[in-house]
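Reader: Hello! I am new to this structure and would love a close look at one single part of it, the disulfide. Could you walk me through that part and then show me what lies around it in the rest of the chain?

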Amino acid sequence: MASVLAAGIAALGFFSAGGFDSPAEAAPSFPDSVSAPAGYQVTYAHDFTTQGMGDWVTQPRAGATVSVSSDYGLGVEVTGEDQWAEVISSHAVIGPNSFVQGLVYIPAGPNGSTANWPAFWTTGSPWPENGEIDMLEGQKGRSCEQTHYGVRLPNTHASHDSVSKCGATGSSSTGWLTVSMLRTGEQVEVWYNKTFVGKVPLPTTANEELIFQNQDGPHNICDSCNGPLVFPSTAWLSRVAVWNAR
């Protein structure tokens, strides 16, 4: 996913503020979730329903509609094919020993599939040397975890992709979910609510930045990503928090 973003992230300025030097006092609550590891401290927290966009910035050239609701949070709506918008936090630092939680709404397609191409993910710059963590990415109608790392190939892909670990279709992977990710020991573990999705490698210790998106195509970027196209359709990020080991 980050191959689409590389130029825009550089233009925004990677980790322009915040992070380890500006710890939040407390994280918002997350329903039906696992807990942060002992000894981890909140370094970033944001509730879109009460704080608006805050430090989150929409990626240039986005075509989908980005809005904020006091009921649901940050929304990315697609109304037709070949629309996308990615919204990036410049303050949330995802270090080599981090725990991340986000309360997201993932639109459902037919038979409980994951509609379109939503994602809640992180990436480092330069990509893919500094890695990518897809905590939840739509892949052919499934909600999946995957990492990308190594070097950038001539076809713009990463040289190494982990296997995809996917949640079951239906309410355990769509609708309102608390997505949790633990990054430690150069590997990544993910939960949807309290259900463990899987563990995959990430052999880099570089800091990464947090991103939320919704997208319909284009198919020439990632044929395997798009699920059933459903529009109008809005993916939501209500609140998010990051813990880092001290």
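Author: Happy to! Cys144 and Cys166 form a disulfide, with 2.0 Å between their sulfur atoms. Please keep in mind that this is a predicted model. A disulfide is a covalent bond between the sulfur atoms of two cysteines. The structure holds 1 disulfide, and this pair links distant parts of the chain: Cys144 belongs to strand β9 (residues 142–152), Cys166 belongs to strand β11 (residues 165–166), and the two cysteines are 22 residues apart. The torsion about the S-S bond of Cys144 and Cys166 is about 95°, so the disulfide is right-handed.

Are the two cysteines buried or exposed? Cys144 has a relative accessible area of 0%; because buried means under 20%, Cys144 counts as buried. Cys166, with a relative accessible area of 28%, is partly exposed.

Now for the strands that come later in the chain. Strand β13 (residues 187–192) has 5 of its 6 residues buried, so β13 is largely enclosed by the rest of the structure. On one hand, strand β12 (residues 175–184) pairs with β13 in the antiparallel sense, over 6 bridges. On the other, β13 runs antiparallel to strand β14 (residues 195–201), again with 6 bridges joining them. Gln187 is a handy residue to find on your screen: Thr184 stands opposite Gln187, and in β14 the bridge partner of Gln187 is Pro201. The hairpin of β12 and β13 has 2 residues between the strands, and there Gly185 takes a positive phi near 60°. In the hairpin of β13 and β14, also with 2 residues between the strands, Asn193 takes a positive phi near 55°.

Let us step back to the whole protein. Its secondary structure comes to 2 helices and 16 strands, and of its 246 residues, 55% count as buried. Among contacts between residues at least 6 apart in sequence, 69% join residues at least 24 apart. The accessible surface comes to about 9,600 Å², with 49% of it belonging to carbon and sulfur atoms.

In soluble globular proteins, nonpolar side chains tend to be buried together. Here the largest nonpolar core has 34 residues, and those with the most contacts inside it are Trp56, Phe120, Leu210 and Phe212. Apart from this core lies another, of 11 residues, among them Phe30, Val42, Leu182 and Trp191. If you would like to explore the largest core, try Trp56: leaving aside residues up to four places away in sequence, Trp56 touches residues including Tyr44, His46, Phe48, Leu210 and Phe212.

Conventions
Residues numbered from 1 in each chain as written. Predicted model: local features only at pLDDT ≥ 70, side-chain atom pairs only at ≥ 80, totals over all residues. Heavy atoms only, no water. Core = buried A, V, L, I, M, F, W, Y, C linked by side-chain atoms within 4.5 Å. Buried < 20%, exposed > 50% of the residue type's maximum accessible area, 1.4 Å probe, protein only. Contact = heavy atoms within 4.5 Å. Helix = DSSP H or I, 4+ residues; strand = E, 2+ residues; numbered from the N terminus. Areas by Shrake-Rupley, 256 points an atom, 1.4 Å probe, with all protein chains shown as cover. Disulfide = S-S within 2.5 Å. Pairing = 2+ DSSP bridges.
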